Amino acid sequence: MFHVHFIKWGFGFDIYTLTALVDMYAKMGLLPFARKLFDEMEMKDVPTWNSLIAGYAKNGNVEEAFKLFSVMPSSNVISWTAMISAYSQNGKYANALAVYKEMEKDRGVKPNEVTVASVLPACANLGAMEVMKLLSFSTKCWEKEMHLMM
C-alpha cells in the first residue's frame, strides 16, 4: 500500500518513516500490512516494536501482542505499559497485574503515570488492595519529585 510509494520516494530504509507506517497501519486496524512491513524491516527500534504491540492490543489480539513483547530485544516503560494496558482493556486483569509485577522486577524500568492508570482497573477488579496502596505511595513520591524539580 503506502509503503510502496515511500520506497519509490527513497524513504524505504528510513527507520522513522517505516515505524510511522507500521504505526499508521496498526492504528487503522490493517494489522497484516503492519506486520508485513515490520517483518520486512532490516532495522527495528523500540518504538517500532511498541507500535505493533499497541496495534495488536487495540484490536483485541493480546496473545499476539504478548508473543511480540516476549521476543523484543529491549523494552522501555512504554512497552511494559502497552502490555499492561492491553490486558487490562481486554478484561485479562490477572495478566495485567502479573505483567506489572514483572516490570517491577525488570532491569530498572520504573512505572510512570500512564502505567499506573493502566494497572488500576486490574487492581480494582481483582481486589488487589495491597498493590493499589503501593501505587498510591509511588504516586505521592512522584508528586514530591515533581515539586523538587520546580
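Hi everyone. Let me begin with a term: a residue is called buried when its relative accessible area is under 20%, exposed when that area is over 50%, and partly exposed in between. Tyr25 is a good case to try it on: its relative accessibility is 0%, so Tyr25 counts as buried. Please keep in mind throughout that this is a predicted model.

Now the overall picture. How many helices and strands does the protein chain have? There are nine helices and zero strands. If you walk along from the N terminus, you read α-α-α-α-α-α-α-α-α. The chain has 150 residues, and 39% of them count as buried. Now take the contacts between residues at least 6 apart in sequence: 50% of these join residues at least 24 apart.

Here is one pair of residues that are separated along the chain. Asn61 sits in the loop that runs between α4 and α5. Its partner in this example is Ala86, 25 residues away in sequence, and the two C-alpha atoms are 8.6 Å apart in space. Is Asn61 buried or partly exposed? With 29% relative accessibility, Asn61 counts as partly exposed.

Next, let's look at how helices pack. Two packed helices are described by the angle between their axes and by the distance between those axes. Start with helix α3, residues 31–40, and helix α4, residues 46–58: their axes come within 11 Å and cross at roughly 160°. Angles over 145 degrees count as roughly antiparallel, and that makes α3 roughly antiparallel to α4. The crossing of α3 past α4 is left-handed.

Which residues make this contact? On the α3 side they are Leu31, Ala34, Arg35 and Phe38, and they meet Thr48, Trp49, Leu52, Gly55 and Tyr56 on the α4 side. Sorted by type, the contact of α3 with α4 has six nonpolar residues, two polar ones and one charged one.

Now a second pair. Helix α6 covers residues 77–89, and its axis comes within 7 Å of the axis of α7, with a crossing angle of roughly 160°. By that reasoning, α6 is roughly antiparallel to α7. Here too, the crossing is described as left-handed, with α6 passing α7.

Have a look at the residues along this contact. From α6 we have Trp80, Met83, Ile84, Tyr87 and Ser88; from α7 they meet Tyr93, Asn95, Ala96, Val99, Tyr100, Glu102 and Met103. The contact of α6 with α7 divides into nine nonpolar residues, two polar and one charged.

Let's zoom in on two residues from that list. The first one is Ala96, which lies in helix α7, residues 93–105. Is Ala96 buried or exposed? Its relative accessible area is 0%, so Ala96 is buried. Leaving out residues up to four places away in sequence, Ala96 touches Ile84, Tyr87, Ser88, Val119 and Ala122. You can also find Thr81 from here: Thr81 and Ala96 are 15 residues apart along the chain, with their C-alpha atoms separated by 9.3 Å.

The other one is Ser88, found in helix α6. At 8% relative accessibility, Ser88 counts as buried. With residues up to four places away in sequence again left out, Ser88 touches Tyr93, Ala96, Ser118, Pro121 and Ala122.

My last topic is aromatic rings. Two rings pair if their centres lie within 6.5 Å, and by this rule the count comes to five aromatic pairs. One of them brings us back to Tyr25: its ring and that of Phe33 have centres 5.7 Å apart and planes at 35°, so the pair is tilted. Tyr25 is the buried residue from my opening, at 0%, whereas Phe33 is partly exposed, with a relative accessible area of 33%.

Then there are Phe66 and Phe69. The centres of their rings are 6.2 Å apart and the planes stand at 35°, so this pair is tilted. Where do these two lie? Both are in helix α5, residues 62–70, three residues apart, which is about one turn of the helix. Phe66 is partly exposed, with 33% relative accessible area, while Phe69 is buried, with 10%. Together with Trp80 and Tyr87, Phe66 and Phe69 form one aromatic cluster.

Thanks for listening, and do find these residues in the structure for yourselves.

Methods. Residues are numbered from 1 along each chain as its sequence is written. This is a predicted model: local features need pLDDT of at least 70, side-chain atom pairs count only at pLDDT 80 or more; totals for chains, interfaces and linings use all residues. Side-chain values use heavy atoms; hydrogens and water are left out. Axes are lines fitted to C-alpha atoms, for helices over the stretch in contact, and angles run from 0 to 180 degrees between N-to-C directions. Helices (H or I, at least four residues) and strands (E, at least two) are DSSP runs, numbered from the N terminus. Angles under 35 degrees count as roughly parallel, over 145 as roughly antiparallel, 65 to 115 as roughly perpendicular and the rest as oblique. A crossing is left-handed if the near helix is turned anticlockwise from the far one by less than a right angle, and right-handed if clockwise. Contact means heavy atoms within 4.5 Å. Ala, Val, Leu, Ile, Met, Phe, Trp, Tyr, Cys and Pro count as nonpolar, Asp, Glu, Lys and Arg as charged, and the others, Gly among them, as polar. Buried means under 20% relative accessible area, exposed over 50%, partly exposed in between (1.4 Å probe, protein chains only). Rings of Phe, Tyr and Trp (its six-membered ring) pair if their centres lie within 6.5 Å; planes under 30 degrees apart count as stacked, over 60 as edge-to-face and the rest as tilted.
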